[in-house]
Amino acid sequence: MWFEMSRGVVVSNLLGVHALVWAGGWSAPEVVEAISQTKNAGYDLIEIPALSPESIDPIFTKKILAEYDLKSSCSLGLTFDADLNNEDDAVVAKGEARLFQALDLVRKLEGQYLGGVIFSALGKYLNPPTLKARANVVNSLRRLAQAAQQDGITLGLEVVNRYESNLLNTTRSGLEIIEEINEPNVVIHLDTYHMNIEEINMFDPVIEAKEKLGYVHIGANHRGFLDQNGMIDFDLFFKALAKINYQGVITFESFSSAIVSKDLSNTLCVWRNLWDDNVALAVGAREFIEAKMKLAAMK
Ligand code: MN
């Protein structure tokens, strides 16, 4: 989306939607369904879940993306048997190998972004992180970031709630680890659903992240329809994005038991049917996000 406000304020962000709004897997018909529907709903980008990067056919996916003139990003969370946030070298090596596989996928899709819970397993830990496990995260992500730089790919660390990782639950903790990794292509990825659980409000973390904010997920507190009367103060969040002149991708994320992913639905505890009509959901979300952006740009 691109528009210029009367005072010369230019707003230009790619708007995306998570593929799980359309399809639970990535077979050829699902690729066509997800990409064509994303385009029809007026988005610029589709976020492809790459939890099993080897299950995605990059050549076919790239062809359909080009056909519909759509950009892509990839996201994943690690698993407990292939995790960086672990003291066991073998588990860390497996986690790192999966991330390099995902990076290779992004490269083949000519994408520019690999993000999500790439620093940790996506799930509930039973203990706090240890210093050794955290050091493994820093070292592995530094190697991944250096490899990603060669292809102009950015890595995003998605700060998530305490039930989905024990490591990065707040923007502050994300900024600290990015400083330790110390590579220019590692950014913070904020998600309003998680922020609503862990942050003090929807404004200050964005201001604190500033130019380190590189990717945004918009989700309702229940992860269903975006609604003016929902629990999250989106006006405040978009005001903060406008204040730091955020120019990055903004992706709508929503999950319902209507679309089931073998890899992701149970991990994210998608137990309820929050919608059936994904077209109305996605079009409504894009209109909601555009309206909030315009409102924030005018202030
Ligand atoms: Mn998210």
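These are my notes on a metal site, salt bridges, a pocket and cavities in a predicted model.

**Ground rules**

The model is predicted, and I took local features only at pLDDT of at least 70 and side-chain atom pairs only at pLDDT 80 or more, while totals for chains, interfaces and linings use all residues. I number residues from 1 along each chain as its sequence is written, and side-chain values use heavy atoms, with hydrogens and water left out.

**Entry 1: the manganese ion**

I looked up which residues hold the manganese ion. They are E158 (OE), D191 (OD), H217 (ND1) and E253 (OE), at 2.0 to 2.2 Å. I noted the spacing of these donors along the chain as E-x32-D-x25-H-x35-E. D191 is in strand β8 (residues 186-191) and H217 is in strand β9, so this pair ties together parts that are 26 residues apart in sequence. Donors are N, O and S atoms within 2.8 Å of the metal (3.2 Å for Na, K and Ca), and sites may look incomplete because water is not among the atoms. Helices (H or I, at least four residues) and strands (E, at least two) are DSSP runs, numbered from the N terminus.

I then checked whether two of the donors are buried or exposed. D191 is buried, at 1% relative accessibility. H217 is buried too, at 0%. For these words I use relative accessible area: under 20% is buried, over 50% is exposed, and in between is partly exposed (1.4 Å probe, protein chains only).

**Entry 2: salt bridges**

Side chains of opposite charge can pair when their charged atoms come close. I counted a salt bridge where a side-chain nitrogen of Lys or Arg is within 4 Å of a carboxyl oxygen of Asp or Glu. The count is 14 salt bridges. I wrote down three of them.

The first note is on R107 and D104, whose side chains meet at 3.1 Å, N to O. Both lie in helix α3 (residues 89-108), and because they are three residues apart, about one helical turn separates them. R107 is partly exposed at 31%, and D104 is partly exposed at 26%.

The next is E198 with R162, where the closest N and O atoms are 2.8 Å apart. This pair links distant parts of the chain, 36 residues apart: E198 is in helix α6 (residues 192-198) and R162 is in the loop between β7 (154-158) and α5 (171-181). E198 is buried, with 15% relative accessible area. R162 is partly exposed, with 47%.

The last is R172 with E208, at 2.4 Å, N to O. R172 belongs to helix α5 and E208 to helix α7 (residues 204-209), and this pair also links distant parts of the chain, 36 residues apart. R172 is partly exposed at 47%, and E208 is partly exposed at 34%. I also noted one network, in which salt bridges that share partners join D104, R107, K108 and D151.

**Entry 3: the largest pocket**

I searched a 1 Å grid over the protein atoms alone: a cavity is a set of points where a 1.4 Å probe fits but cannot get out, a pocket is an open set with protein on both sides within 12 Å along at least five of seven lines, and lining residues have an atom within 4 Å of a point. Grid points are joined across faces, edges and corners, and a volume is the space filled by probe spheres set on the points.

The largest pocket holds about 440 Å³ of space. It is lined by 22 residues, and K71, S72, E110, G111 and Q112 are the closest to its centre. The elements giving two or more residues to this lining are α2 (58-67), β5 (71-78) and β9 (213-218). By class, I find eleven nonpolar, seven polar and four charged residues in the lining of this pocket. Ala, Val, Leu, Ile, Met, Phe, Trp, Tyr, Cys and Pro count as nonpolar, Asp, Glu, Lys and Arg as charged, and the others, Gly among them, as polar.

**Entry 4: the cavities**

How many cavities of 30 Å³ or more does the whole structure have? The search finds two.

The largest cavity has about 170 Å³ of space. Of its 20 lining residues, L122, E158, E253, L264 and L268 are the closest to the centre. E158 and E253 also coordinate the manganese ion. β5 gives the most to the lining of the largest cavity, three residues. This lining has nine nonpolar, six polar and five charged residues.

The second largest cavity has a volume of about 40 Å³. Its lining includes A220, H222, F225 and D227, and divides into six nonpolar, three polar and one charged.
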